[in-house]
Amino acid sequence: MSAIFNFQSLLTVILLLICTCAYLRALAPSLLDKNKTGVLGIFWKCARIGERKSPYVACCCIVMAATILFAE
């Protein structure tokens, strides 16, 4: 089943996107900062969410990992 139609998989993909973008922005800030608008601006926005809401994103990642490991 595709990640689009499975809600848990969709949440996992979004969390991974947020974490990856925040990590890439920490390594190379100019890579994401030059694309603040347009389609590639989604990655910049995900990086901002990952930076500003990092405790909540970390808790969501832990809960999602536990759900995947123990609920399936």
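## Arg48 and the model

At a relative accessibility of 24%, Arg48 counts as partly exposed; partly exposed is the range between buried, under 20% relative accessible area, and exposed, over 50%, computed with a 1.4 Å probe on protein chains only. This is a predicted model, in which local features need pLDDT of at least 70 and side-chain atom pairs count only at pLDDT 80 or more, while totals for chains, interfaces and linings use all residues. Residues are numbered from 1 along each chain as its sequence is written, and side-chain values use heavy atoms, with hydrogens and water left out.

## Overall architecture

The protein has four helices and zero strands. Helices (H or I, at least four residues) and strands (E, at least two) are taken as DSSP runs and numbered from the N terminus. Read from the N terminus, the order of elements is α-α-α-α.

The C-alpha trace spans about 40 × 25 × 15 Å along its principal axes. Of the 72 residues in the protein, 19% are buried. A contact means heavy atoms within 4.5 Å. Among contacts with a separation of 6 or more, 57% come from residues 24 or more positions apart.

## Helix α3

Helix α3 covers residues 41–52, and its end C-alpha atoms are 16 Å apart. That agrees with the 16 Å that its 12 residues should span at 1.5 Å a residue, the expected span being 1.5 Å times one less than the number of residues.

Gly41, Trp44, Cys46, Ala47 and Gly50 are the buried residues of α3. Their packing partners are α1 (7–27), α2 (29–33) and α4 (54–71).

## The contact of α1 with α3

The axes of α1 and α3 come within 7 Å and cross at roughly 90°. Here an axis is a line fitted to C-alpha atoms, for helices over the stretch in contact, and angles run from 0 to 180 degrees between N-to-C directions. The crossing angle therefore makes α1 roughly perpendicular to α3. Roughly perpendicular covers 65 to 115 degrees, with angles under 35 degrees counted as roughly parallel, those over 145 as roughly antiparallel and the rest as oblique.

From α1, the contact draws on Leu17, Ile18, Cys21, Ala22 and Arg25. From α3, the participants are Phe43, Trp44, Cys46, Ala47, Arg48, Ile49, Gly50 and Glu51. By class, the residues of this contact are nine nonpolar, one polar and three charged. Ala, Val, Leu, Ile, Met, Phe, Trp, Tyr, Cys and Pro count as nonpolar, Asp, Glu, Lys and Arg as charged, and the others, Gly among them, as polar.

## Salt bridges

How many salt bridges does the structure hold? There are three, a salt bridge being a side-chain nitrogen of Lys or Arg within 4 Å of a carboxyl oxygen of Asp or Glu. Arg25, Asp33, Arg48 and Glu51 are linked in a network of such pairs. Arg25 and Asp33 meet at an N to O distance of 2.9 Å. Arg25, at 16% relative accessibility, counts as buried, whereas Asp33, at 25%, counts as partly exposed.

Arg25 also forms a salt bridge with Glu51, with the closest N and O atoms 2.7 Å apart. This pair links distant parts of the chain, Glu51 in helix α3 and Arg25 in helix α1, 26 residues apart. Glu51 is partly exposed, with a relative accessible area of 33%. In the salt bridge of Arg48 with Glu51, the closest N and O atoms are 3.8 Å apart. Both residues lie in helix α3, three residues apart, about one turn of the helix. An α-helix has 3.6 residues a turn, so residues three or four places apart point the same way.

## Arg25 and Ala22 in α1

What does Arg25 touch, not counting residues up to four places away in sequence? Its neighbours on that count are Leu32, Asp33, Trp44, Ala47, Arg48 and Glu51.

Ala22 also lies in helix α1 and is buried, with a relative accessible area of 17%. Leaving out residues up to four places away in sequence, Ala22 touches Ala47, Gly50 and Glu51. The C-alpha atoms of Ala22 and Ile62 are separated by 17 Å, with their positions 40 residues apart along the chain.
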